[in-house]
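The following paragraphs lead the reader through a protein model, from its overall arrangement to individual residues. Please keep the sequence and the structure in view while reading.

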Amino acid sequence: MESPSFKNLFDNTFDGIQTKLNIKFQTQSGLTNSNGEIVNGLCAPTQTINGNYYNTIIVNSDILDGAGQLSNIQIAKTVIHELIHAYLNIKAINCNLGASFSTLS
């Protein structure tokens, strides 16, 4: 959140007074993708009954502690990577939601 560009992207998409876009974070040990490969993180969009959207970001808890622990910068890169997926998921649902693409430039 120290990067002005990333903070602007995140705040304009998932923060503020809007109620339709949210992110839920979870951790899970032994996280795998649909191919059964171990991954550091996953992001999945969901639309609720009332029309709101949220992305669930799951971080592999094995990268946070123990033998598989990654450095702080690698963990941060994983979280940012999944947040970018969340942003793109929202844009795929409705291109007018969240921060504009011009904000990214």
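How many disulfides does the structure hold? The model, which is predicted, holds zero disulfides. A disulfide is a covalent bond between the sulfur atoms of two cysteines. Two cysteines may nevertheless be examined for their surroundings. Cysteine 43 has a relative accessibility of 18% and therefore counts as buried, because the term applies under 20%. Cysteine 95, in contrast, counts as exposed because its relative accessibility is 52%, and exposed residues are those over 50%.

The overall arrangement may be considered next. The chain contains three helices and three strands. Read from the N terminus, these elements follow the order α-β-β-β-α-α. The chain has 105 residues, and 31% of them are buried. Its accessible surface amounts to about 6600 Å², and carbon and sulfur atoms account for 54% of that surface. Among the contacts in the chain with a separation of 6 or more, 57% are between residues 24 or more positions apart.

Where in the chain does cysteine 43 lie? This residue belongs to strand β2, which covers residues 41-47. The C-alpha atom of cysteine 43 is separated by 6.4 Å from that of isoleucine 58, although the two residues are 15 residues apart along the chain. When neighbours within four places in sequence are left aside, cysteine 43 is in contact with Asn55, Thr56, Ile57, Glu82, His85, Ala86 and Asn89. Of these partners, Glu82, Ala86 and Asn89 are among the buried residues of helix α2.

Helix α2 therefore deserves attention in its own right. It comprises residues 72-93. The helix has 22 residues, and the distance from its first C-alpha to its last is 32 Å, close to the 32 Å expected at 1.5 Å a residue. Its buried residues are Ile75, Thr78, Glu82, Leu83, Ala86, Tyr87, Asn89, Ile90 and Lys91.

Two of these buried residues illustrate how α2 relates to other parts of the chain. Threonine 78 counts as buried because its relative accessibility is 10%. Leaving aside neighbours within four places in sequence, threonine 78 is in contact with Asn40, Gly41 and Ile63. Isoleucine 90, also found in α2, has a relative accessibility of 1% and so counts as buried. Its C-alpha atom is separated by 8.4 Å from that of tyrosine 54, a residue 36 residues away along the chain.

Is isoleucine 80 of helix α2 buried or partly exposed? Isoleucine 80 counts as partly exposed because its relative accessibility is 35%, a value that falls between the limits of 20% and 50%. Together with Ile84 and Leu88, Ile80 forms a nonpolar patch on the surface. The accessible area of these three residues together is about 230 Å². Helix α2 thus includes buried residues such as Thr78 and Ile90, while Ile80, which lies in this helix, contributes to a nonpolar surface patch.

How values were computed
Residues are numbered from 1 along each chain as its sequence is written. This is a predicted model: local features need pLDDT of at least 70, side-chain atom pairs count only at pLDDT 80 or more; totals for chains, interfaces and linings use all residues. Side-chain values use heavy atoms; hydrogens and water are left out. Helices (H or I, at least four residues) and strands (E, at least two) are DSSP runs, numbered from the N terminus. Buried means under 20% relative accessible area, exposed over 50%, partly exposed in between (1.4 Å probe, protein chains only). Contact means heavy atoms within 4.5 Å. Accessible areas come from the Shrake-Rupley method with a 1.4 Å probe; for residues, only the protein chains shown count as cover. A disulfide is a pair of cysteine sulfur atoms within 2.5 Å. Patches are made of residues with over 30% relative accessible area and no salt bridge: like charges are joined within 9 Å, nonpolar side chains (Val, Leu, Ile, Met, Phe, Trp, Tyr) within 5 Å. A salt bridge is a side-chain nitrogen of Lys or Arg within 4 Å of a carboxyl oxygen of Asp or Glu. The expected span of a helix is 1.5 Å times one less than its number of residues.
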